[in-house]
Amino acid sequence: MKEQVLDLNNLRADIIFAEESHDEETFHQEDLVQLFPYGLSVTGDVSRPFLLLKDASHAYTLPVAVSPIEAGVALSQSNKSIAESTPHKFTQLLMESLGIEVRQAVFVEIKGANQYVRLYLTGHPKSNSIKVRADEAMSLCLHLNTPIFATKNYIGRSKVMSATVESNSHVLQNMSGEKPRYLN
């Protein structure tokens with residue numbers, strides 16, 4: 001079977017997600033690209049906004065589909081002009097009291113229209129990592145200032161994910177006549 005090569009220099013953030021993988025991606029630490037929060041993209045499908053993560057040089061963009069609630073939490077946490085307000089304060093205090101720290105988050109898998117991230121822990125008595133849906137963990141990772149990583153391959157596959165999500169988004173855009181909106 002011939003392996004497909006992705007042109008990583010021409011991938012754009014507005015391409016939605018790609019094909020499903022049933023296997024967790026394997027990687028070495030040196031294969032990882034560190035990503036930072038850049039903004040939110042709200043397309044015609046407002047029920048599925050995208051948190052945009054970029055590397056320091058802005059060469060790579062990883063769109064992460066999140067729920068409207070997760071997007072709202074991420075936005076409110078990033079607003080430095082208001083008093084800090086986050087639903088993650090209790091989780092942070094609980095983790096600190098138990099001596100548990102999330103050392104890094106690495107995107108590892110795509111299943112259907114869902115991305116998965118592995119959170120690497122220290123201080124937990126039974127586990128050194130847990131895998132969770134990215135849309136359930138992104139605002140917590142941002143709140144905890146957890147370093148976020150993905151491989152270039154994962155970034156490429158995420159940009160081509162789920163033709164169903166993309167086609168539904170285009171149908172809604174055509175019906176409403178709206179262009180994608182970006183919040184940064």
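I would like to begin with one pair of residues, because in strand β6 the bridge partner of Tyr-116 is Arg-133, and I should say at once that what we are looking at is a predicted model.

That pair belongs to a wider arrangement, in which strand β5, covering residues 114–122, runs antiparallel to strand β6, covering residues 129–133, with five bridges between the two. Together β5 and β6 form a hairpin, with six residues separating the strands, and in the turn Gly-123 has a positive phi of about 85 degrees.

Let me move on to strand β4, which spans residues 101–111 and contains Gln-104. Is Gln-104 buried or exposed? Its relative accessible area is 14%, and since buried means under 20%, Gln-104 counts as buried. As for its surroundings, and leaving aside residues up to four places away in sequence, Gln-104 touches Gln-29, Leu-32, Arg-118, Leu-119, Tyr-120, Thr-146, Pro-147 and Phe-149. With one of these, Gln-29, the contact is also polar, side chain to side chain, at 3.2 Å.

Finally, I turn to the surface, where Phe-90, Leu-94 and Leu-98 make a nonpolar patch of about 330 Å². Leu-94 sits in helix α2, which is made of residues 89–98. How accessible is Leu-94, and what is its relative accessible area? The value is 40%, and because the partly exposed class lies between 20% and 50%, Leu-94 is described as partly exposed, whereas Gln-104 in β4 is buried.

How values were computed. Residues are numbered from 1 along each chain as its sequence is written. This is a predicted model: local features need pLDDT of at least 70, side-chain atom pairs count only at pLDDT 80 or more; totals for chains, interfaces and linings use all residues. Side-chain values use heavy atoms; hydrogens and water are left out. Patches are made of residues with over 30% relative accessible area and no salt bridge: like charges are joined within 9 Å, nonpolar side chains (Val, Leu, Ile, Met, Phe, Trp, Tyr) within 5 Å. Accessible areas come from the Shrake-Rupley method with a 1.4 Å probe; for residues, only the protein chains shown count as cover. A salt bridge is a side-chain nitrogen of Lys or Arg within 4 Å of a carboxyl oxygen of Asp or Glu. Helices (H or I, at least four residues) and strands (E, at least two) are DSSP runs, numbered from the N terminus. Buried means under 20% relative accessible area, exposed over 50%, partly exposed in between (1.4 Å probe, protein chains only). Two strands pair if DSSP finds at least two bridges between them. A polar contact is a pair of N or O atoms within 3.5 Å; within protein, one must be able to donate a hydrogen and the other to accept it, and residues adjacent in sequence count only if both atoms are side-chain atoms. Contact means heavy atoms within 4.5 Å.
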